[in-house]
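Please look through the sequence and the 3D structure before reading on. The briefing that follows moves from the whole chain to a pocket, and then to single residues.

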Amino acid sequence: MDDQRDDMDRRLLSALHARAMDQRVAAAARALSWSGEHGALWLAAGLAGAAVDRERRGAWLRATALTAAAHAASMGVKRIVRRPRPAHVVPLVRTAGRHSFPSSHATSAAAAAVAYGALGASVVPPLAAAMCVSRLVVGVHYPSDVAAGAALGALTARLGARWIGAVQ
């Protein structure tokens with residue numbers, strides 16, 4: 001069973017990575033990957049939300065803290081699991097680390113989608129989905145890495161929804 005799952009992971013990654021043959025797709029995927037490094041895009045978005053939406057500044061700051069916490073949790077899981085990055089495709093970007101599982105980009109993106117989405121930031125979920133796909137297009141994660149990261153991020157943000165104050 002593990003061999004079949006690993007084979008499917010490799011084949012799906014190869015298929016999505018092949019989309020980078022279109023230079024526009026490759027450029028967009030690289031830009032998303034770069035902007036999501038260490039959760040930077042999502043942390044900046046949360047701080048911008050706090051600056052613009054003064055009435056809910058505290059909620060935005062708590063949502064930003066949850067996004068950062070989700071990212072930190074993914075880094076901890078990476079240190080435990082230590083799954084190597086894909087070796088059967090040539091990556092289009094450099095990575096901050098050697099480990100692949102879970103995708104920290106996907107974790108912080110999904111956390112932001114749930115947390116900021118609860119605050120009404122409707123543009124975040126589609127951008128978060130694009131961020132997740134970008135990690136496959138640039139060839140630095142398996143689909144299961146991205147799925148696990150997204151699940152971890154969404155769960156972290158959902159568990160903290162009451163603390164954010166956006167959901168009663």
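In the grouping used here, Ala, Val, Leu, Ile, Met, Phe, Trp, Tyr, Cys and Pro count as nonpolar, Asp, Glu, Lys and Arg count as charged, and the others, with Gly among them, count as polar. By these classes, the lining of the largest pocket has two nonpolar, eight polar and seven charged residues. Please keep in mind that the model is predicted. Its secondary structure comes to eight helices and zero strands.

**The whole chain**

- Reading from the N terminus on, the elements of the protein follow the order α-α-α-α-α-α-α-α, which fits the count of eight helices and zero strands.
- A compact globule of 168 residues would have a radius of gyration near 15 Å, and because the protein has 16 Å, its value agrees with that expectation.
- Taken along the principal axes, the box that the C-alpha atoms of the protein fill is roughly 50 × 35 × 25 Å.
- Of the 168 residues in the protein, 43% are buried, where buried means a relative accessible area under 20%.
- Among the contacts in the protein with a separation of 6 or more, 78% are made by residues that are 24 or more positions apart.
- The protein exposes about 8,800 Å², and carbon and sulfur atoms supply 64% of that area.

**The largest pocket**

- About how much space lies in the largest pocket? The volume comes to about 260 Å³, and of the 17 residues that line this pocket, the closest to its centre are Met75, Lys78, Arg85, Ala96 and Gly97.
- Helices α4 (57-81) and α5 (104-118) each supply at least two residues of the lining, and α4 gives the most to it, with four residues.

**The loop between α4 and α5**

- Pro102 has its place in the loop between α4 and α5, and the peptide bond that joins Phe101 and Pro102 is cis, with an omega of about -5°.
- Arg82 also has its place in the loop between α4 and α5, and although Arg82 is not a glycine, its phi is positive, at about 60°.
- Is Arg82 buried or partly exposed? Arg82 has a relative accessible area of 46%, and since values between 20% and 50% count as partly exposed, Arg82 belongs to that group.

**Helix α2 and the loop that follows**

- Ser33 is found in helix α2, which covers residues 23-35, and Ser33 counts as buried because its relative accessibility is 2%.
- Leaving aside residues up to four places away in sequence, Ser33 touches Val93, His105, Met131, Ser134, Arg135 and Val138.
- Ala31 is likewise placed in helix α2, but Ala31 is partly exposed, with a relative accessible area of 45%.
- The C-alpha atoms of Ala31 and His17 are 15 Å apart in space, while the two residues are 14 residues apart in sequence.
- His38 is found in the loop between α2 and α3 (40-52), and its phi is near 60°, a positive value in a residue other than glycine.
- With a relative accessibility of 49%, His38 counts as partly exposed, because the exposed class takes in values over 50%.

**Helix α5 and the loop between α7 and α8**

- Ser108 lies in helix α5, and this residue counts as buried because its relative accessibility is 1%.
- Which residues does Ser108 touch, not counting residues up to four places away in sequence? Ser108 touches Gly39, Trp42, Thr67 and His71.
- Gly160 is found in the loop between α7 (143-159) and α8 (161-164), and at 8% relative accessibility Gly160 counts as buried.
- Although Gly160 and Leu66 are 94 residues apart along the chain, their C-alpha atoms are separated by 6.9 Å.

Notes
Residues numbered from 1 in each chain as written. Predicted model: local features only at pLDDT ≥ 70, side-chain atom pairs only at ≥ 80, totals over all residues. Heavy atoms only, no water. Buried < 20%, exposed > 50% of the residue type's maximum accessible area, 1.4 Å probe, protein only. Contact = heavy atoms within 4.5 Å. 1 Å grid on protein atoms, 1.4 Å probe; cavity = no way out; pocket = protein on both sides within 12 Å on 5 of 7 lines; lining within 4 Å. Points joined across faces, edges and corners; volume = space filled by probe spheres on them. Rg over C-alpha atoms; globule rule 2.2 N^0.38 Å. Areas by Shrake-Rupley, 256 points an atom, 1.4 Å probe, with all protein chains shown as cover.
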